[in-house]
Amino acid sequence: MRVRFFGVRGSLPVPGRRTERYGGNTSCVEVVTDGGTRIVIDAGTGIRRLGKELMQAEREAGGKETHILVSHTHWDHIQGLPFFAPLYHPGSRLVVHAQQRNGGPLRSVLNSQTDAPYFPVSANQVKAEVAFRELAEGARFEIQDARVESARLNHPYVATAYAVVADGARVAYVSDTAPFVDILFGEEFVARPPEADLPPAAREALRAMRAEVVGLCEGADLVIYDTMFTPEDYRLMPHFGHSRPSDAIEISREAGARTLALYHHAPERSDDEIDGMLARARELAARPGVALKVIAAYEGLDLPLGPSARSEEAR
Amino acid sequence: MEVTFYGVRGSIAAPGPGTVRYGGNTACVLVRLAGGELVILDCGTGARNLGLSLLGGPFGKGQGRASILLSHAHWDHIQGFPFFGPFYTAGNRFTVYGGANTPALLEEVLERQMAAQYFPVQTIKNLNAQIEMRAAPLGEPFSVGTAVVRATANPHGSVRALAFRIQDGDRSLVYASDAGYAREGPSAEALALYADADLLIHDATFTPEDRASRLERGLSSSEDAIEAALRARARRLALFHYDQDYSDRDIDLMLERSRHTLEQRRGQLEIVAAAEGLTITV
């Protein structure tokens with residue numbers, strides 16, 4: 001299995017010199033199994049470059065199938081989709097998966113993005129064959145030689161974590177989520193930090209949600225985790241639905257994951273600041289007897305996962 | 001009048017090492033009128049950086065005022081709206097003008113971008129600033145601070161995009177992004193709007209070759225921009241709204257080529273390529 005990062009940013013794309021090294025494109029990660037199954041997680045602006053690359057490859061290899069797992073439909077996770085070149089190629093086939101939600105079927109939520117007056121090319125001009133699969137909470141299913149697991153996350157509206165298991169490797173994608181302590185998100189708008197303690201039922205729901213996420217990360221070769229917030233950010237904005245590196249480390253360690261990739265970097269975070277965040281996270285993760293490796297995801301990062309990668313690393 | 005570019009790109013933000021000089025943010029321009037009032041042209045992703053810089057002044061204290069002119073509602077012209085920081089500070093006041101028949105229709109278009117499925121804030125009503133929507137009257141002048149603004153609709157593929165002229169005393173600025181003229185070039189109304197502009201910020205999405213193969217997009221080439229500027233006798237032309245695939249080097253070449261064209265035509269015009277952070281005094 002091979003995992004490549006095409007967009008690592010949250011909220012909105014941030015071009016410029018301050019983001020040159022880690023990259024300014026919004027969320028998009030590609031997972032390809034040894035058998036060639038292609039699963040893309042999230043369709044932020046990063047998916048544009050992946051699409052171009054696939055079209056170049058397709059001219060040689062013919063039409064191909066791509067599965068897209070959508071964590072949730074906030075802009076930074078879907079805004080690249082209209083710019084995904086295979087959509088306009090008659091030979092390609094796309095299957096888009098996302099958790100069921102209120103407020104309209106997935107097809108209309110995604111297709112509205114290209115309705116007039118917002119976009120010049122409407123969904124009926126798409127040439128690829130596109131299918132939409134709405135998932136029940138916690139759904140598990142197969143995509144050819146890969147097994148996909150999912151779990152609900154703690155984020156406004158609906159967000160879903162995924163794990164892709166294939167070739168003796170597991171990668172977990174946990175974005176976007178708040179930690180499972182101070183607030184339980186639903187569909188309502190949360191205007192300010194919570195003032196009162198959570199009712200017992202909410203605490204219980206968060207405990208259960210957290211257990212599912214730990215399960216998804218269990219023994220993972222790679223955990224990709226929303227670490228948009230510094231501790232200070234979280235103190236001010238616990239009601240925004242994002243985590244700190246310490247939250248990601250806690251979950252990854254408990255799940256016995258090998259590598260944690262800090263992900264969904266805040267738009268204001270410069271390359272140097274991400275370096276600093278990574279250094280602090282590594283200090284935090286360094287505990288005797290626990291071998292959790294921490295990296296910060298960047299555009300272009302290409303990670304082989306599986307038994308051969310593990311033995312390579314052991315050497 | 002002083003103009004500063006915060007986003008100069010078309011279609012979609014284009015981060016990466018290849019775009020750091022001209023910038024990868026989508027359309028957003030700040031105009032500071034002679035009397036100090038602020039006019040914002042379009043709200044692409046550049047609006048985020050603009051918001052951050054404005055928060056250092058009166059907008060940070062809830063004492064800011066600005067008018068926002070929207071050319072049209074394609075994503076690259078509105079997608080920075082939810083990320084414009086001064087909207088989140090109570091006391092700030094904005095008037096948004098756009099090409100809708102009624103203020104309610106304009107609000108609905110912007111509102112759909114904020115919906116819960118797409119953005120956690122869920123509705124414009126959750127923004128703390130006071131935001132008033134107005135339908136920009138076509139052809140009819142309206143006042144913004146010390147300036148008089150006029151709007152004309154240009155063809156832009158299957159829709160229309162407004163071009164704005166801001167006349168501030170004896171100085172004039174025209175913003176004409178996303179213009180896909182017919183073969184005969186700008187309409188008489190458009191040329192009247194652009195006439196003798198001190199600065200014409202004009203759509204130059206494509207090279208002439210790329211424009212020829214993508215006519216249906218309804219966008220201009222750098223040569224279309226020069227043609228419009230010359231016919232309108234503009235004094236200065238800023239190329240704007242570059243294709244997302246163009247690197248800094250590509251834009252350098254586009255500018256060189258534009259200057260060459262101008263020389264051949266013996267045109268009296270100064271050409272610049274808009275870049276994030278560039279400030280032009282009109």
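No disulfide (a pair of cysteine sulfur atoms within 2.5 Å) is counted over all chains, the total being zero. A:Cys217 takes part in none, its nearest cysteine sulfur, that of A:Cys28, being 20 Å away. With a relative accessibility of 0%, A:Cys217 is buried, a class defined as under 20% relative accessible area, with exposed over 50% and partly exposed in between (1.4 Å probe, protein chains only). In chain B, the sulfur of B:Cys28 lies 5.6 Å from the closest cysteine sulfur, that of B:Cys43, which is too far for a bond. B:Cys28 is likewise buried, at 0% relative accessible area.

The model is predicted, so local features need pLDDT of at least 70 and side-chain atom pairs count only at pLDDT 80 or more, whereas totals for chains, interfaces and linings use all residues. Residues are numbered from 1 along each chain as its sequence is written, chains are lettered from A and ligands numbered from 1 in the order in which they are written, and side-chain values use heavy atoms, with hydrogens and water left out.

The largest nonpolar core (buried Ala, Val, Leu, Ile, Met, Phe, Trp, Tyr and Cys residues joined through side-chain atoms within 4.5 Å) holds 66 residues, of which B:Phe5, B:Ile166, B:Tyr194 and B:Ile201 touch the most other members. Helix H6 of chain B (residues 222-231) contributes the most to this core, with five residues; helices (H or I, at least four residues) and strands (E, at least two) are DSSP runs numbered from the N terminus. A separate core of 62 residues includes B:Tyr6, B:Phe81, B:Phe94 and B:Val121.

A:Arg38, in strand E3 (residues 38-41) of chain A, is buried at 15% relative accessible area.
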